[in-house]
Amino acid sequence: MRAKKLNKIDKEASSIINQELKRQQNELELIASENYVSLAVLEAMSSVLTNKYSEGYPEKRYYGGNQVVDKIENLAIKRAKKLFNAEHVNVQPLSGSPANLAVYMALLEPNDKVLGLKLDHGGHLSHGHQVNFSGRLYDFVQYGVNEKSGLIDMDEVRKIALKEKPKMIIAGFSAYSREIDWEAFQSIANEIKAYTFADIAHIAGLVAAGLLKNPVEIFDVVTTTTHKTLRGPRGAIIMCKEKYAKQIDRAVFPGIQGGPHDHVTAAKAVCFKEALSLEFKYYSKQVIKNAKALVEGFKNLDYQVVSGGTDNHLFILDLRNKNISGREAEKTLEKVGISVSRSTIPNDPSPPFNPSGLRLGSAALTTRDLKEKEMQEVVELIDQSLKEKDNDEKLNKIKDRVKFLCKKFPLAY
Ligand SMILES: *Cc1c(COP(=O)(O)O)cnc(C)c1O
């Protein structure tokens, strides 16, 4: 039993996993937070490192037998430091939300005031939403984007910051498509002596490639997931100035986590090596080009784009002039094999469960090697699907075209 492969031992689970592989092979992935990892990352994730317990940090573990695990964790740390020019990195956070929890725990006391971006303007649940631990434990006040421009208004951020005097200011978003002025955030924080915390979960790959400004050199603390534009395993890291290193490490363990997932740490190390390569720079450049091509294509078909465009890998379509809700659009596209996620638009008149927008991203399609020309085709496929939302026959034809496009640009597995 010990040495048998999954498909010999558990046909049921194996068949379900295979169905998911087929789905990924045959569908166009435009969910902005998803990507396809390399075979090397997959291999590291399925390694025997999953067997090990290694609570603590390299050379300071609470279990024996960690000589080898120390090497892999040190390797991941070394590469992450180089990639982001960071003074200190903790590679153990299990995912983005727990990484953020660790940052709050390291620097704040319960009920401390924090300033973050409103969720329906592009923020994240873990930036103070009342259903999330962050909103329950801390006193969040929020800034939004300008109603007309869709951009963060730094004068407004400053005004709120001076009035509310938060102990921490958060910058970083799930659904904001524009370059962020990290320096402006830092200088506001300096005025009120607040901590600065950047959450670059979405854009980390583009920052690593040098295409977007890097907050790690400016901010006190920066978190990122490793599975979005960075194209690594599901997980996260925390980067900070050396003076906060102890607090951050203690908040991750023993503060909120037990043993790190060493197999994922290994996969993070592999992902960082890939992200340090020239090839990754080209990839990331194409990600932005493809996002811009999608935006242009949609605008030509009279779609409204929040903030009018994108500087990164994602953008939000405002569907109010298209007579379809975000949820209906998501469901319709699911029928033809195009994955997207519905999204709120700033000051959305509709509820979050059925919002007015759609969030699209180019990172996954770019991994499959689709370029600007294919983006035009993707726009047409989406537009036609939304127009034919009640015609299953037409939708089936579009589904065949989606499959054909996927076959032309296969995954690495
Ligand atoms: C995706 C995301 C997270 C959360 O990551 P999980 O790994 O899903 O917990 C946190 N912050 C931002 C800004 C994100 O986009």
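**Close-ups of the ligand site and the cavities**

**View 1. Lys228 meets the ligand.** The side chain of Lys228 has an N or O atom sitting 2.8 Å from an oxygen atom of the ligand. Keep in mind that this is a predicted model. With the protein around it, the ligand loses 86% of the 380 Å² it exposes when taken alone.

**View 2. Ser95 and Asp199 at the ligand.** Here an N or O atom in the Ser95 side chain comes to 2.4 Å from a ligand oxygen atom. Asp199 deals with a nitrogen atom of the ligand instead, placing a polar side-chain atom 2.5 Å from it.

**View 3. The shell around the ligand.** Pull back a little and 13 residues surround the ligand, with Ser95, Gly96, Ser97, Asp199 and Lys228 the closest. By class, that shell has nine polar, two charged and two nonpolar residues. Helix 5, spanning residues 96–107, chips in with three residues, the most given to the shell.

**View 4. The largest cavity.** Searching the whole structure turns up two cavities of 30 Å³ or more. The largest has a volume of about 120 Å³. Its lining counts 14 residues, and Phe173, Arg178, Ile180, Ile203 and Asn312 are the closest to the centre. That lining splits into seven nonpolar, four charged and three polar residues.

**View 5. The second largest cavity.** This one has a volume of about 40 Å³. Asp199 and Lys228 turn up again in its lining, along with His124, His127, Gly172, Phe173, Ser174, Ala201 and His202. Five of the lining residues are polar, two are nonpolar and two are charged.

Technical notes: Residues are numbered from 1 along each chain as its sequence is written. This is a predicted model: local features need pLDDT of at least 70, side-chain atom pairs count only at pLDDT 80 or more; totals for chains, interfaces and linings use all residues. Side-chain values use heavy atoms; hydrogens and water are left out. A residue is near a molecule or strand if one of its heavy atoms lies within 4 Å of it. A polar contact is a pair of N or O atoms within 3.5 Å; within protein, one must be able to donate a hydrogen and the other to accept it, and residues adjacent in sequence count only if both atoms are side-chain atoms. Accessible areas come from the Shrake-Rupley method with a 1.4 Å probe; for residues, only the protein chains shown count as cover. Helices (H or I, at least four residues) and strands (E, at least two) are DSSP runs, numbered from the N terminus. Ala, Val, Leu, Ile, Met, Phe, Trp, Tyr, Cys and Pro count as nonpolar, Asp, Glu, Lys and Arg as charged, and the others, Gly among them, as polar. On a 1 Å grid over the protein atoms alone, a cavity is a set of points where a 1.4 Å probe fits but cannot get out, and a pocket is an open set with protein on both sides within 12 Å along at least five of seven lines; lining residues have an atom within 4 Å of a point. Grid points are joined across faces, edges and corners, and a volume is the space filled by probe spheres set on the points.
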